[in-house]
Amino acid sequence: MKTIIEPFRIKAVEPIRMTTREQRRALLQGVHYNLFGLHSDDVIIDLLTDSGTSAMSAAQWGAVMRGDESYAGSPSFYEFESAVRELMPFRHVIPTHQGRAAEAILFSILGGTGRIVPSNTHFDTTRGNIEATGASAVDLLLEAARDPESLHPFKGNMDLAALEALLASSHEQVPVVMMTVTNNAGGGQPVSLENIQAAAAIAHRYGKPFFIDGCRFAENAWFIKSREPGQQDRAIPDIVRDMFAVADGMTMSAKKDAFANIGGWLALNDDAIAAAARNRLILTEGFPTYGGLAGRDLMAIAAGLREIVDENYLRYRVRTNEYIGERLLRLGVPIVRPVGGHAVFVDARRFLPHIPPLQYPGQALAVALYELGGVRSCEIGTVMFGLRPDGTEQAASIDLVRLAMPRRVYTQSHADYVVEVFEELARSRDSLRGYRIVKQPAQLRHFTAQFEPLA
Ligand code: F0G
């Protein structure tokens, strides 16, 4: 059959509270046109993030009931640890309350003033945790990946020559080489197995550990299976094990590819770093067999990890975004291509060419999607990245709007609805206006900035 169906039935539902366009106009005014300020029950389709928003399965909810809440040595920890090690066989698995906690612990040990941490592209919490220690985070993304039109199959790949050059000139300052799979900041683009292995080999040649930010490891493995020569007949868990076999450790947010609503971990092989990490964990997160999570959370993650590597799920998952992407392209809505694993990234700067970057075309599009259809998305552009530390502003290199798909939450008719909102918007796009910021904090302004529409 050609139709790729949702490979699940629905047993419990959450009602969507419908609102009118008039109501949404008033709500927008009330939150100063910042979608982070909305109450989520005023949102019809929430595509703000795929993080922590997954629908858990009946098996996961059953596992939650079996969660053991002992402070130390809970069987839930051992079930979690063995589920992680089944796919990522690291010697030490250290639970944390979410991904950024694992990053904070890792870089409290490996970071420090003057150090340089390269990656294909650091996610913003990773960058923030590196920079908070005085180290610098550098992105060494493949050149082809910077072109939103390029159909390169692995636009998350590291520029290996740039990595080699950095290590040749500054290896003493580099404590670790990172790789983010998939590359969220770059559009959910995958990294090939060949690139992972080659980057690890370069790191190891200079005696450096190689760590993977594995948030969307299963989606990445699916892309490897479907796009990388020689991988088509392999099982997803085998590809996953190959991805991590060359790594010395990983950070993980279980809020993505573990189908959990909270959780994460730091896993690694080095005994000394693991001991330092556990000491830090006890200070900031909790005892090493729960690390800031309840036993039931550890159980949900363990069950989620077994479900996420299912091929029928991954085929449906990636197809959902491709489907939306194809239909948007047919409407003439420019998007980042190929469509990534967890989201569709709309190129707002090209969709609204009459709105200059410093009038925030991404914000204008995101606000319009909410006003017209109650769809919440996220600007990734000049609002998010345009404020310099000295308080001046510059246009970001891109102005995108991310439509991130929660896992197993929305159906095809929800996707059709989102496309219809775009269809309507495409007709009136010339009438959309830019925004100006009337109030903003000094950092991470996108979360709390207040906007005003331009006349
Ligand atoms: N790494 C990547 C690649 C991420 O996408 C995220 C979170 C993190 C690390 C941090 O994990 O949220 O559990 O602390 N990304 C979310 C998003 C917030 O919306 O893309 P966390």
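Two strands pair if DSSP finds at least two bridges between them. Helices (H or I, at least four residues) and strands (E, at least two) are DSSP runs, numbered from the N terminus. The model on screen is predicted: local features need pLDDT of at least 70, side-chain atom pairs count only at pLDDT 80 or more, and totals for chains, interfaces and linings use all residues. Residues are numbered from 1 along each chain as its sequence is written, and side-chain values use heavy atoms, with hydrogens and water left out.

**Stop 1: the sheet**

Select strand E6, residues 210-213. Strand E7 (residues 249-253) runs parallel to E6, and three bridges join the two. Find Ile212, which stands opposite Met250 in E7. Now add strand E5 (residues 177-180), which pairs with E6 in the parallel sense over four bridges. Here Thr180 stands opposite Asp213 of E6. Trace the chain from E5 to E6: it passes through helix H7 (residues 193-205), and this β-α-β crossover is right-handed. That term applies if, with the strands pointing away from the viewer, the path from the first strand over the helix to the second runs clockwise.

Is E6 covered on one face or on both? Both faces are covered: Phe210 and Ile212 on one side, and Phe211 and Asp213 on the other, are all buried. Buried means under 20% relative accessible area, exposed over 50%, and partly exposed in between (1.4 Å probe, protein chains only).

Widen the selection to the open sheet of five strands, in the order E2-E8-E7-E6-E5, with mixed pairing. Strand E2 (92-96) and E5 are the edge strands, each pairing on one side only. Strands of a sheet pair through backbone hydrogen bonds, either parallel or antiparallel. On average, neighbouring strands of this sheet are turned by 15° against each other, direction ignored. Next select helix H3 (residues 75-87), which lies across E2 and strand E8 (264-268) and runs at about 120° to E2. Such axes are lines fitted to C-alpha atoms, for helices over the stretch in contact, and angles run from 0 to 180 degrees between N-to-C directions.

**Stop 2: Thr125**

Go to Thr125 in helix H5 (residues 124-131). Thr125 is buried, with a relative accessible area of 16%. Leaving aside neighbours within four places in sequence, Thr125 is in contact (heavy atoms within 4.5 Å) with Arg100 and Glu103.

**Stop 3: two helices**

Select helix H12, residues 311-330. The expected span of a helix is 1.5 Å times one less than its number of residues. For the 20 residues of H12 this gives 28 Å, and the end C-alpha atoms are 28 Å apart, which agrees. Buried residues of H12 include Tyr313, Arg317, Asn321 and Leu328. Among the elements covering the buried residues are helix H8 (217-227), strand E9 (343-347) and helix H16 (412-427). Gly332, which follows H12, has a positive phi, near 80°.

Helix H14 (residues 361-373) has 13 residues and reaches 18 Å from first C-alpha to last, close to the 18 Å expected. How many of its residues are buried? In H14, 13 of 13 are buried. Gly374 follows H14, with a positive phi near 75°.

**Stop 4: the cysteines**

A disulfide is a pair of cysteine sulfur atoms within 2.5 Å. By this rule the count is zero. Select Cys215: the closest cysteine sulfur, in Cys378, is 16 Å from its own, too far for a bond. Cys215 counts as buried at 11% relative accessibility, and Cys378 is buried at 7%.
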